[in-house]
Amino acid sequence: MHQATKVKTAKNIAVIALISASYSVLGTASGLLVGPALRGYPAHFFRGLLMSMAAAYSRWMWSTALMGVISGLVFLVLVPAPAPYLLASTLAAGLVYDAVVAVGGSYAASARRRGRILSAATLSGLAESVVALAILTYLGFFQVPGPVLAIIWAGAIAANLVLSVAGSSVTILILRRYA
């Protein structure tokens, strides 16, 4: 590997780690400051924003999966309550984001395309919600009748999708302005 390639790889990893740390701190802080009123929903906005920024900045396959791993591990340490779903759901979001951006072409070129950013944010938000809700349901966090559980799932998934798209839309606006 050439020296310039090593420097670029190291720089990408450092930026992704910084973005991951930002996501972890913002997600945790918003959860603590807003408390149970919004049940961590602001974190979905920050994930959509920062995951799309990580991919658009680095243009590097597996950048958002790496962000998912780093953020998930940090969440395991930062979140005061036991949250067994955070690592799995954040990793799922990163893997899906990368997969959507990579489909049908160059990851580097697609990572900055408006349609690809919105599609990746939407599908990664869906993946994150399904994984988190499945784990929480399996562990018995929802002691409610089936129809109520369906409403909980639908509402949580819808909120995640809207907030993920809103966050990634900010990235699109930044790219329009500065790219």
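The exercises below, with worked solutions, concern a predicted model.

**Exercise 1.** Find which residues have the most contacts inside the largest nonpolar core, and which helix gives the largest share of this core.

Solution. Start with the core itself: it has 26 residues. Those with the most contacts inside it are Tyr23, Leu50, Met67, Tyr97 and Val101. Next, list the elements that contribute two or more residues: helix 1 (3-34), helix 2 (42-58), helix 3 (63-78), helix 4 (86-102), helix 6 (114-138) and helix 7 (146-178). The largest share, 7 residues, belongs to helix 2.

**Exercise 2.** Compare the span of helix 2 with the expected one, then state how covered the helix is and what follows it.

Solution. Helix 2 has 17 residues, and at 1.5 Å a residue these should span 24 Å. The expected span is 1.5 Å times one less than the number of residues. The end C-alpha atoms of helix 2 are 24 Å apart, so the two values agree. As for cover, 14 of the 17 residues are buried, and helix 2 is thus mostly covered. After helix 2 comes arginine 59, with a positive phi near 55°.

**Exercise 3.** Name the contacts of valine 101, leaving aside neighbours within four places in sequence.

Solution. With those neighbours set aside, valine 101 is in contact with Tyr107, Ser110, Ala111, Arg116 and Ala120.

**Exercise 4.** Decide whether leucine 76 is buried, partly exposed or exposed, and name the patch residues.

Solution. Leucine 76 lies in helix 3. The relative accessible area of leucine 76 is 43%. Buried means under 20% and exposed means over 50%, so leucine 76 is partly exposed. Together, Val69, Leu73, Leu76 and Val77 make a nonpolar surface patch of about 350 Å².

How values were computed:
Residues numbered from 1 in each chain as written. Predicted model: local features only at pLDDT ≥ 70, side-chain atom pairs only at ≥ 80, totals over all residues. Heavy atoms only, no water. Core = buried A, V, L, I, M, F, W, Y, C linked by side-chain atoms within 4.5 Å. Buried < 20%, exposed > 50% of the residue type's maximum accessible area, 1.4 Å probe, protein only. Helix = DSSP H or I, 4+ residues; strand = E, 2+ residues; numbered from the N terminus. Contact = heavy atoms within 4.5 Å. Patch = residues over 30% accessible without salt bridge, like charges linked within 9 Å, V, L, I, M, F, W, Y side chains within 5 Å. Areas by Shrake-Rupley, 256 points an atom, 1.4 Å probe, with all protein chains shown as cover. Salt bridge = Lys/Arg side-chain N within 4 Å of Asp/Glu carboxyl O.
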